[in-house]
Amino acid sequence: MSNEDLAHDFSPMIKVYKDGRVERLAGTDRVPPSTNPENGVQSKDVVISQEPAICARIFIPKTTTDSPQTRLPLLIYFHGGGFSIESPFSPAYHGYVNTLVSEANVVAVSVDYRLVPEHPLPAAYDDSWAAIKWVASHFDGNGSEDWLNRFADLQRVFFAGDSAGANITHNMAVKLGCERLVGVKLVGIVLVHPYFWGTEPVGAEITTPAATKEYMAAVWRFACPSTCGSDDPLINPAKDPKLGKLGCEKVLVCVAEKDGLKDRGWHYSEILKKSGWNGAVEVVEAKGEDHVFHLFNPVCDNAVALKKKIVSFLN
């Protein structure tokens, strides 16, 4: 098809044609669940809901076989990809969560939420909340998933995500702070290169090229057609009167020096401190790096340093 037939072009993520055809340019590869031969992490896939179709990949570290009586912190992970691509089953996210589980010695649930444009927002938020409620149903050890019943400590829960997944992470933490779930204590959240935006530039965004600004705003309008725009509280936490209700006690924000979203991450920490929330927030910046560099090159020095920072936060 020619470019004249394009309705939306969000390369390098996704193209949508005027006849409705969707072409995902990345994030479609899948790897099966497994036992990792190097670190002994086991994974399996579970169905959370048939209708809508929500599933997850669950990971447990090798220590669960060595000392099965010990309950471990639980990480709920939300993948990135502009709300439109990727899954917990892609090589990048399977490998990344696998490593976090091994090094932090946690149980993880990596959520497969429905993607846009077939399922516009708030579908991904609704699915993510449904997954959190499903996890919460295991608080008394009588849930449907044996691994969570046996190994997860729901008084030590963390949410984490990158890019659009960090946006989901934040919004789920606000929702949890407002609604509370029996038996679940959210200790902290990790926002890696979070996808936030707004109509007013923050930090150095005043010098951001117009095309980049438009791309950031357009991805949001594409993902959430019902939105009021870039100052929707879902994409601009500065506009959210509920920000101070964030339902955790600590936050780690990770930004990258060359990422067009960097200033939003710093700004988030500033507005959070002024919101009436009484937790602790820390920002770490990776010098010389771009958006989600750690997924493209997980063994580079800065990616290893970022992973160590997240592991220590989870511990």
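**Close-ups of a predicted model**

Tyr268 is buried, at a relative accessible area of just 1%. That makes a handy starting point for a tour of this predicted model.

**View 1. Phe196 and Tyr268 stack on each other.** The two rings sit 5.1 Å apart, centre to centre, with 15 degrees between their planes. Phe196 comes from the loop between strand E9 (186–192) and H6, while Tyr268 belongs to helix H7 (residues 262–273), so we have distant parts of the chain linked across 72 residues. Like Tyr268, which is buried, Phe196 counts as buried, at 1% relative accessibility.

**View 2. Helix H7 and what it leans on.** H7 runs for twelve residues and spans 18 Å from its first C-alpha to its last, close to the 16 Å expected at 1.5 Å a residue. Its buried residues are Lys262, Asp263, Arg264, Gly265, Tyr268, Ser269, Ile271 and Leu272. These pack against helix H5 (164–179), E9, strand E10 (250–256) and strand E11 (280–286).

**View 3. Phe10 meets Tyr215 edge-to-face.** A search of the whole structure turns up ten aromatic pairs. In the one shown here, the ring centres of Phe10 and Tyr215 are 5.8 Å apart and the planes stand at 75 degrees, which is why the pair counts as edge-to-face. Phe10 sits in strand E1 (residues 6–10) and Tyr215 in helix H6 (residues 210–223), so the contact ties together parts 205 residues apart in sequence. How buried or exposed is each partner? Phe10 counts as buried at 6% relative accessibility, whereas Tyr215, at 28%, counts as partly exposed.

**View 4. Helix H6 on the three-stranded sheet.** Strands E1, E2 and E3 make an open sheet in that order, with antiparallel pairing. E1 and strand E3 (22–24) are the edge strands, each pairing on one side only. From one strand to the next, the twist averages 10 degrees. Three bridges hold E2 and E3 together in the antiparallel sense, and Val16 stands opposite Val22 in E3. H6 packs on this sheet by touching E1 and E2, and its direction makes about 125 degrees with that of E1. The helix itself has 14 residues and reaches 20 Å from first C-alpha to last, close to the 20 Å expected at 1.5 Å a residue. Its buried residues are Met216, Ala217, Ala218, Val219, Trp220, Phe222 and Ala223, and they pack against E1, strand E2 (14–17) and H3.

**View 5. The eight-stranded sheet and two of its helices.** The strands form an open, mixed sheet in the order E4-E5-E7-E6-E8-E9-E10-E11. Strand E4 (42–49) and E11 stand at the edges with a single partner strand each, so one side of each has no neighbour in the sheet. The twist averages 20 degrees from one strand to the next. Helix H2 (residues 91–104) packs on the sheet, touching E4, strand E5 (54–60), strand E6 (72–78), strand E7 (107–112) and strand E8 (152–162), and its direction makes about 40 degrees with that of E5. Helix H3 (residues 123–136) lies across E4, E5, E6, E7 and E8, running at about 165 degrees to E6.

**View 6. Strand E10 with its partners E9 and E11.** Six of the seven residues of E10 are buried, so the strand is largely enclosed by the rest of the structure. E9 pairs with E10 in the parallel sense over five bridges. Val190 stands opposite Leu252 in E10, and Val192 opposite Cys254. E10 and E11 also run parallel, joined by seven bridges. There, Val253 stands opposite Val283 in E11.

**View 7. An aromatic cluster, and two charges over rings.** Phe83, Tyr125, Tyr195 and Trp220 form one aromatic cluster. Trp220 is also among the buried residues of H6. Where do the charged ends of Arg21 and Lys250 sit? That of Arg21 is over the ring of Tyr17, 4.2 Å from its centre. That of Lys250 is over the ring of Phe313, 4.4 Å from its centre.

Definitions and conventions: Residues numbered from 1 in each chain as written. Predicted model: local features only at pLDDT ≥ 70, side-chain atom pairs only at ≥ 80, totals over all residues. Heavy atoms only, no water. Phe/Tyr/Trp six-rings, centres within 6.5 Å; stacked < 30°, edge-to-face > 60°. Helix = DSSP H or I, 4+ residues; strand = E, 2+ residues; numbered from the N terminus. Buried < 20%, exposed > 50% of the residue type's maximum accessible area, 1.4 Å probe, protein only. Lys NZ or Arg CZ within 6 Å of the ring centre and 35° of its normal. Expected span 1.5 Å × (residues − 1). Contact = heavy atoms within 4.5 Å. Pairing = 2+ DSSP bridges. Axes fitted to C-alpha atoms, helices over the stretch in contact; angles between N-to-C directions.
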